[in-house]
Amino acid sequence: MPDMDGFETARIIKQRERSRNTPIIFLTANKSEQQVLAGYSVGAVDYLLKPIDPVILKSKVAVFVELYRKNRLIQSQTEGIREIERRDRLRLLAELEHEGRRRYQSLADAIPQIVFRANRNGSIEYFNQFWHLYSGMSLPESLESGWSNSIHIAELSEIQAKWLQARNDLVGFEMECRIKAKSGEYRWHLLKVIPEFDGASQILCWIGTATDIQDQKAVQQNLFWAKKAADAANETKSRFLANMSHEIRTPLGAILGFAELLIDEKSTLQEKNESIDAIRRNGEQLSKIIDEILDLSKVEAGKMKVELAEVAIIDLLNGVKALLMNSAATKGLALDFVLHGKIPTRILSSATRLQQILVNLIGNAIKFTKRGGVVVTVSFAGDENMSKGVLSVSIKDSGPGLARDEIEKLFQPFTQVDSAMTRNHGGTGLGLSLSRRLARVLGGDIVVRDSCKDVGSDFVFTTTAEVPAGSAMTSSLESESRHERHAVAHESGALKGLKVLLVEDLVDNQVLLTRFLTIAGAQVEIANNGLEGVEKAMSIQPDIVLMDIQMPVLDGFGAIAQLRRKDFKRPIVALTARGMIEEKNHCIEIGATDHLTKPVNRALLIERIHDLCAAEQTLP
């Protein structure tokens with residue numbers, strides 16, 4: 001044919017999808033085998049040679065048309081079967097997915113934490129039952145914007161950023177965030193989100209959980225602050241130990257040094273007396289430091305016992321003034337005591353603790369004041385009958401003063417406000433902390449009423465005070481008793497005629513206590529341990545036994561118990577270096593008459609022996 005021959009035409013017909021299966025019969029007058037093969041190669045199904053026989057043409061066309069139609073029918077049926085199979089597969093997959101989701105949701109609803117699912121774009125389409133119970137929102141409310149409104153605004157933008165990054169990286173993520181409960185409270189949760197993939201590694205959806213970690217974070221926070229507190233305490237302890245080492249070694253070094261001077265043959269009598277005074281003074285300072293540590297430990301343990309008795313306030317104030325007057329005069333400071341209004345002459349309290357507090361507060365004021373003076377103002381605010389009230393003591397100085405942040409740490413144990421002041425003035429950092437605790441044991445407190453840098457400070461000590469019946473009110477600091485009682489300890493024959501058994505294992509203590517007692521007129525027998533002490537006490541029947549507690553062979557506890565079991569009735573005074581109240585109580589429980597703490601005060605020892613033996617002699 002012109003323009004396009006039959007071969008090219010057949011080739012184009014076969015290339016088109018619509019006519020690809022259409023039968024093609026070539027009509028040709030060329031009988032060459034090459035032409036026939038060429039026609040078959042381009043898709044012909046048969047050849048008819050010209051001239052055409054109409055019968056043959058019609059029959060062949062009919063056959064091929066029928067074959068074509070049947071082929072189309074088969075194809076149509078095949079496609080129908082395939083469609084049915086595809087639909088069956090889809091239906092089965094849908095049923096399986098529905099069953100899987102049902103089981104997944106049942107499992108998610110049983111979990112006591114928030115579970116949710118989001119589509120591949122991150123839009124949430126499901127929450128488990130726990131979410132609805134926690135948030136108080138329905139599913140429609142949650143799916144709109146409720147879930148994002150429940151996230152604390154401080155974490156919401158971070159969640160969205162992390163989720164966007166996870167979608168780009170095809171990975172999960174986790175973070176901590178706060179979620180609001182239906183009560184309105186925000187609680188910390190650990191949010192975990194992971195992707196689910198299809199067979200082509202494309203994200204199908206996101207599965208997320210949110211676990212309540214509020215209590216866990218609280219524990220972690222407590223541990224964090226506990227660690228900080230422990231670190232601070234360790235640092236404070238280290239500073240305290242360094243300071244305490246200095247405070248203890250300073251008087252100890254002086255004691256050892258002046259002891260060396262005492263045995264120096266070249267020392268004059270005056271120098272020896274000065275050495276003795278220095279040893280006594282530094283020994284008292286060392287004892288005071290140890291007492292402060294013990295007292296503070298008792299107060300902090302809640303075991304500080306205060307025995308209330310009548311206290312002559314005027315005598316106590318005058319005694320404190322006399323005690324500190326020399327320190328003030330040495331620095332050229334004025335020390336004035338003033339009564340504001342009337343105060344009772346006597347109250348029920350602890351004279352020892354009152355004096356301890358006042359000496360500490362006034363002593364501090366003197367120590368840190370360079371010029372001017374210290375004014376102590378005492379006042380009393382009582383009830384209508386003046387039978388009970390509050391005794392207030394203001395200690396106002398003209399010292400360096402305190403800033404607000406310095407006041408806050410002023411009463412912390414083992415802490416000094418300024419390390420430079422500590423180096424200049426010394427101190428353990430226990431005095432103010434102990435004084436405040438003692439004041440609170442007495443029903444009062446210590447506060448800084450006013451303080452200004454380079455101007456001075458005003459400390460106020462208060463204590464509840466019950467006024468005994470018959471106590472007068474006074475506005476004068478003159479003592480109600482003009483004469484002072486002559487102490488028994490200063491009488492040279494205070495213990496004359498008394499036989500004392502000293503049970504003590506340390507030779508130095510034996511020598512020291514024996515000297516104290518013999519100077520007072522007593523006859524002293526010595527036992528070196530508890531067992532020997534029991535034997536001597538039953539043998540010589542002394543007027544009183546001084547029993548050390550910590551000894552070899554048999555300690556003081558065992559010796560006291562044995563003596564009481566053997567019906568020894570004379571007074572027994574326990575001597576121990578442990579100043580804890582538990583030790584004193586235990587000594588009394590097992591049979592001791594009294595208890596004294598080492599280092600033993602000479603005057604107190606002699607007075608106590610005198611009083612106990614005098615009481616024993618008055619018994620029938």
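How much surface does the chain expose, and what share of it do carbon and sulfur atoms supply? The chain exposes about 36,500 Å², and 54% of that comes from carbon and sulfur atoms. Keep in mind that this is a predicted model.

**The whole chain**

Show the chain as a cartoon. It holds 18 helices and 21 strands. Of its 620 residues, 37% are buried. Now think about contacts between residues with a separation of 6 or more: 60% of them join residues 24 or more positions apart.

**Helix α15**

Select residues 530-540, which form helix α15. Which residues of α15 are buried? Colour Gly530, Gly533, Val534 and Ala537: these are buried. They sit on the same side of α15 because they cover an arc of only 100° around the axis. The spacing rule helps here. An α-helix has 3.6 residues a turn, so residues three or four places apart point the same way.

Turn to the other side of α15. Select Glu535 and Ser539, which are exposed there.

**The neighbours**

What do the buried residues of α15 pack against? Add three strands to the view: β17 (499-503), β18 (523-527) and β19 (544-548). Then add the helix α16 (556-565). The buried residues of α15 pack against each of these elements.

**The two ends**

Go to the start of α15 and show Asn529 and Leu531. A side-chain oxygen of Asn529 comes within 3.1 Å of the backbone nitrogen of Leu531.

Finish just after α15, at Gln541. Check its backbone: phi is positive, at about 50°.

Methods: Residues are numbered from 1 along each chain as its sequence is written. This is a predicted model: local features need pLDDT of at least 70, side-chain atom pairs count only at pLDDT 80 or more; totals for chains, interfaces and linings use all residues. Side-chain values use heavy atoms; hydrogens and water are left out. Helices (H or I, at least four residues) and strands (E, at least two) are DSSP runs, numbered from the N terminus. Buried means under 20% relative accessible area, exposed over 50%, partly exposed in between (1.4 Å probe, protein chains only). Contact means heavy atoms within 4.5 Å. Accessible areas come from the Shrake-Rupley method with a 1.4 Å probe; for residues, only the protein chains shown count as cover. The arc is that of the directions from the helix axis to the C-beta atoms. A polar contact is a pair of N or O atoms within 3.5 Å; within protein, one must be able to donate a hydrogen and the other to accept it, and residues adjacent in sequence count only if both atoms are side-chain atoms.
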